[in-house]
Amino acid sequence: MSLELAALRRQFPIFANHPGGKPLHYLDNAAMAQVPRAVIDAMAAHDSTSRANVHRGLHPLAERADGAYDAARAKVARFLNAADPSEIVFTAGCTASINLVAQATGATLSPGDEVVVSRLEHHSNLIPWLMMAKARGCHLRYLPVTDDGRLDESRFGDVIGPRCRFVAVTHASNVTGAVSPVRKLAEAAHAVGAAILVDGAQAIAHGSVDVQKLGVDFYCFSGHKMFGPTGIGVLWGRRNLLALLTPPVTGGGMVGQVTDDDVTFLDLPYRFEAGTPPVTQAVGLAAALTWLGDIDRPAFSAEERRLTDRLLDGLSATAGVAIVGPKDLERRLPVVSFAVRRLHPHDICQILGERGVAVRGGMLCAQPLMTSLGLAAGVVRTSLALYNDDGDVDAFLIGLTEAIKVLT
Ligand code: PLP
């Protein structure tokens, strides 16, 4: 392990505090990344010195909290290269962001309109659209995937047709790791007059995202998958499109005038932030972005790619293992899923867990994808982050071989 990587790992308290004193080989980053000390400290400092509700109070403490919350929003806007901080809505997470857009957009759709998702979607970017389509009499259409778990680009034109009003796709699959050709999808959506939302839950932790360059209309992600806190997510939307949507969730903090019979809403982004927002978490998310900006992200990302290559090689050489997803490094994340002949993913996860190797197994919130791939019990998923090293990959590969031996 390089000195830089060792120093980076030391910034994550979890690795020193693993119960039983055994080393932790954490390869479940696609479910939740670990959090650096800088983020924990920023949230503790906020709660210790500046805790108050936001955009309500006029006392100095409330003004400090307002400042911290507004600064967090501005930081996220710069991170995504949004045109303006008012395009950033803080939510409870990626799922909440998608539900917000699905419900608000649904109100503008008519029976017979089409909404396009893909076979790669996590349930979070599927069920909100499914429910909305059922309620509005719209048709849900699916972009198919290739045998190696990528979106089939040759079929975009067949599925995104003249009745399509909205496209909702993942930036990268939480199962196959494949990165979607987002710009092409945006062009296809816009060519038929549809808007496009991109689920960035997985992609955001593995490279920079420039929403303007991507050419999309909405982009969402969660704090906890990118070294930030739980309980916070982001919805970015183009100002002109967000402004057309009626808030699906209403309450305090988002209104102008309220009478017995009517209500007016505040301007963007507050109209979409009903109730007390996740203030401390916003401070933590901003700290995570600062932390990411302070490390040599390209160097650590290159290391992540090298380890992914090793992981793919090791899995390819393990008898009985079938990788589910692209076997090359081109346009894929360090998220690698696989099935083992005749073995249940949960049994493998349990044995690996006993050896201090944390991986995820099962349906991965992607049942339609598993069905289309013929994987009734799902897969085992390994997912890397910037702090993983060769020791983690070795422990996983050795543990997997032993698990297969024990179970067969
Ligand atoms: N989309 C994808 C691709 C995901 O992998 C996940 C979580 O695993 C989500 C959406 C939902 O994120 P959250 O549970 O943080 O709302």
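Biologist: Where does H55 lie in this model?

Modeller: In this predicted model, H55 lies in the loop between α2, which covers residues 37–49, and α3, which covers residues 60–80.

Biologist: What makes the backbone of H55 worth a remark?

Modeller: H55 has a positive phi of about 55° although it is not a glycine. Most residues other than glycine have a negative phi.

Biologist: Why is H55 called partly exposed?

Modeller: Its relative accessibility is 36%, and because buried means under 20% and exposed means over 50%, with partly exposed in between, H55 counts as partly exposed.

Biologist: What can be said of N81, and where does N81 lie?

Modeller: N81, which is not a glycine, also has a positive phi of about 55°, and N81 lies in the loop between α3 and β2, the latter covering residues 88–91. At 33% relative accessibility, N81 falls between the limits of 20% and 50% and therefore counts as partly exposed.

Biologist: Which peptide bond is cis, and how do you know that?

Modeller: The bond from L268 to P269 has omega near 0° and is cis, whereas most peptide bonds are trans. P269 lies in the loop between β10 (263–265) and α10 (279–294).

Biologist: How do you know that the length of helix α14 agrees with what is expected?

Modeller: Helix α14 has 18 residues, 390–407, which at 1.5 Å a residue should span 26 Å, and because its end C-alpha atoms are 25 Å apart, the two values agree. At the start of α14, a side-chain oxygen of D389 reaches to within 3.1 Å of the backbone nitrogen of G391, and the limit for a polar contact is 3.5 Å.

Biologist: Which residues of α14 are buried?

Modeller: The buried residues in α14 include V393, F396, L397, L400 and I404, and D392 is also one of the buried residues there.

Biologist: Why is S383 called buried?

Modeller: S383, which has its place in strand β15 (residues 379–383), has a relative accessibility of 1%, and because the limit for buried is under 20%, S383 counts as buried. The side chain of S383 reaches the backbone nitrogen of A30 at 2.8 Å, and leaving aside residues up to four places away in sequence, S383 touches residues including Y26, L27, D28, P334 and N388.

Biologist: Is K184 buried, exposed or partly exposed, and why?

Modeller: K184, in helix α7 (residues 182–191), has a relative accessible area of 46%, which lies between 20% and 50%, so K184 is partly exposed. Not counting residues up to four places away in sequence, K184 touches E153 and F156.

Biologist: What surrounds the ligand, and which classes of residue make up the shell?

Modeller: Among the residues surrounding the ligand are C94, H122, N174, D199, S222, H224 and K225, and by class the shell has two nonpolar, eight polar and two charged residues.

Biologist: What makes the approaches of D199, S222 and H224 to the ligand count as polar contacts?

Modeller: The limit for a pair of N or O atoms is 3.5 Å. A nitrogen atom of the ligand is 2.5 Å from an N or O atom in the side chain of D199, a polar side-chain atom of S222 lies 2.6 Å from an oxygen atom of the ligand, and an oxygen atom of the ligand is 2.7 Å from an N or O atom in the side chain of H224. Taken alone, the ligand exposes 390 Å², of which the protein buries 86%.

Methods. Residues numbered from 1 in each chain as written. Predicted model: local features only at pLDDT ≥ 70, side-chain atom pairs only at ≥ 80, totals over all residues. Heavy atoms only, no water. Near = heavy atom within 4 Å. Polar contact = N/O pair within 3.5 Å; in protein donor to acceptor, adjacent residues only side chain to side chain. Areas by Shrake-Rupley, 256 points an atom, 1.4 Å probe, with all protein chains shown as cover. Nonpolar A, V, L, I, M, F, W, Y, C, P; charged D, E, K, R; others polar. Helix = DSSP H or I, 4+ residues; strand = E, 2+ residues; numbered from the N terminus. Expected span 1.5 Å × (residues − 1). Buried < 20%, exposed > 50% of the residue type's maximum accessible area, 1.4 Å probe, protein only. Contact = heavy atoms within 4.5 Å.
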